[in-house]
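Visitor: I would like to learn how to read the features of a structure such as this one. Please take me through them one at a time.

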Amino acid sequence: MTRRRAAIVGVAESELGKTPHLTVLSQQAQATKAALTEAGLRRDDVDALFVAGGWSWSPALALAEYLGMRPRYLDGTNIGGSSFEAHLGHATVAIEAGVIDVAVIAYGSTQRSDRSRNQPRPATLTEQFERPYGLPTPVGAYALAANRYLHEHGVTSEQLAEVAVSTREWARLNPQAYHRDPLTVDEVLASPMICEPLRKLDCCLVTDGGGALVVAAEDRWPDLATRPVIVLGHGEATTHNTIANMPDLTVTGAARSGPAALEMAGVGHDDIDVLEIYDSFTITVLLTLESLGFCKPGEAGAFVAGGRTAPGGEAPMNTNGGGLSCTHPGMYGIFLLIEATRQLRHDFAGTPRQVDGAELALAHGTGGVLSSTSTIVLGRG
């Protein structure tokens, strides 16, 4: 029996940056309405809703009520920044099984306006063995991984900085990006130390914002207003909750989720035209590239050197400016999928932001403190 394919058929963001006039629900609603309008669908067409984050004990129920939806399928999986790649995988499975036809995946955050990153929260489970010793979350966990990685492989802070510099070059092409000024390696290295070896410009932004995807079964595609971007492969993995329990500080769950997604898609690393890699910190990118298999252990610094991932480079990555320069409202993963979709639809054709001939994209989310990973391979329909 041939399974129905699933595709992203609509994408949108809410207002980004600092939005004290918006709530989490209004951001989700803004993005959902815009994504449905782009796809040429209505609220009543949606039979599944996937939501992570928000103020409610059940963000999916809260958004369904707010939008006046009565979906028959809900998913509130929350595994941090990788939640939305996981949601897309779950929606794809449900569509293939014939359980649902049209899904919305939505997110919103007012983290910058609320200054919620600075608010204390109770320690849970094994966090009780880290917090009393002063480990700042999440940056301290990523700094531990960075120190171990630099020690093991002789990678330098200059090579970490290359990630931020190349990502900024993409942000300069994106009118929505929060930071669009030029950036150099020296400026990254001169920025204040936050948690050794990570400096301020090695760390993601803290912004408000939201986004939404519309995912539809292939029998709906002919009636839609957009070119479908097909979900070819997906994979999901977790290795730990707290950083003290990470099996290897230099290897993430991408080593499992990445090969699973590529194998399902039937493609290899060299086939991928666009990379959208979660960049909560510069070290996140280096660890992820190696764990996904795009380079060998210790080689990610060389992989990103010389503007290789910047506009015009051989391996275009984080083409909207990423979490380091575009936006990062708490959990960034949905924006990876939005940007990958636009690149594969060639929405930026005729501009330097468009990756020429983009046919395949890989989007990879990371959640927690390198705790969870979800990988998606997308193809131009």
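Guide: What follows goes through strands, helices, aromatic rings, charges over rings, and enclosed spaces. This is a predicted model, in which local features need pLDDT of at least 70 and side-chain atom pairs count only at pLDDT 80 or more, while totals for chains, interfaces and linings use all residues. Residues are numbered from 1 along each chain as its sequence is written, and side-chain values use heavy atoms, with hydrogens and water left out.

Visitor: Which way do the side chains of strand 10 point?

Guide: In a regular strand the side chains alternate between the two faces of the sheet. Helices (H or I, at least four residues) and strands (E, at least two) are DSSP runs, numbered from the N terminus. In strand 10, Leu360, Leu362, His364 and Thr366 point one way, and Ala361, Ala363, Gly365 and Gly367 point the other way.

Visitor: How many residues of strand 10 are buried?

Guide: Buried means under 20% relative accessible area, exposed over 50%, and partly exposed in between (1.4 Å probe, protein chains only). Eight of the eight residues of strand 10 (residues 360-367) are buried, so the strand is largely enclosed by the rest of the structure.

Visitor: What pairs with strand 10?

Guide: Two strands pair if DSSP finds at least two bridges between them. Strand 9 (residues 274-277) pairs with strand 10 in the parallel sense over four bridges, and isoleucine 277 stands opposite histidine 364 there. Strand 11 (residues 372-380) runs antiparallel to strand 10, with eight bridges joining them; here glycine 367 is opposite serine 372. Strands 10 and 11 form a hairpin with four residues between them, and glycine 368 in the turn has a positive phi of about 65 degrees.

Visitor: Is helix 9 mostly covered or mostly open?

Guide: An α-helix has 3.6 residues a turn, so residues three or four places apart point the same way. Helix 9 is mostly covered, with eleven of its eleven residues buried. Among them are Thr282, Glu290 and Leu292. Glycine 293 follows helix 9 and has a positive phi, near 100 degrees.

Visitor: How many aromatic pairs does a search of the whole structure find?

Guide: Rings of Phe, Tyr and Trp (its six-membered ring) pair if their centres lie within 6.5 Å; planes under 30 degrees apart count as stacked, over 60 as edge-to-face and the rest as tilted. The search of the whole structure finds five aromatic pairs. In one of the pairs, the rings of tyrosine 142 and phenylalanine 281 have centres 4.6 Å apart and planes at 35 degrees, so the pair is tilted. This pair links distant parts of the chain, 139 residues apart: tyrosine 142 is in helix 5 (residues 139-153), and phenylalanine 281 is in the loop between strand 9 and helix 9 (282-292). Both tyrosine 142 and phenylalanine 281 are buried. Tyrosine 332 and phenylalanine 335 form a stacked pair, 5.6 Å centre to centre with 25 degrees between the planes. Tyrosine 332 has a relative accessible area of 1% and is buried, and phenylalanine 335, at 2%, is buried too. Tyr278, Tyr332 and Phe335 form one aromatic cluster.

Visitor: Where does a charge sit over a ring?

Guide: A charge sits over a ring if NZ of Lys or CZ of Arg is within 6 Å of the ring centre and within 35 degrees of the ring normal. Arginine 308 lies over the face of phenylalanine 303, 4.3 Å from the ring centre. The charged end of arginine 353 is over the ring of phenylalanine 348, 3.9 Å from its centre.

Visitor: What lines the second largest pocket and the largest cavity?

Guide: On a 1 Å grid over the protein atoms alone, a cavity is a set of points where a 1.4 Å probe fits but cannot get out, and a pocket is an open set with protein on both sides within 12 Å along at least five of seven lines; lining residues have an atom within 4 Å of a point. Grid points are joined across faces, edges and corners, and a volume is the space filled by probe spheres set on the points. The second largest pocket has a volume of about 200 Å³, and its lining includes His269, Asp270, Phe303, Arg308 and Glu314. The largest cavity holds about 40 Å³ of space, and its lining includes Val24, Gln28, Trp55 and Pro59. Helix 1 (24-39) and helix 2 (59-67) each supply at least two residues of that lining, and helix 1 gives the most, with three.
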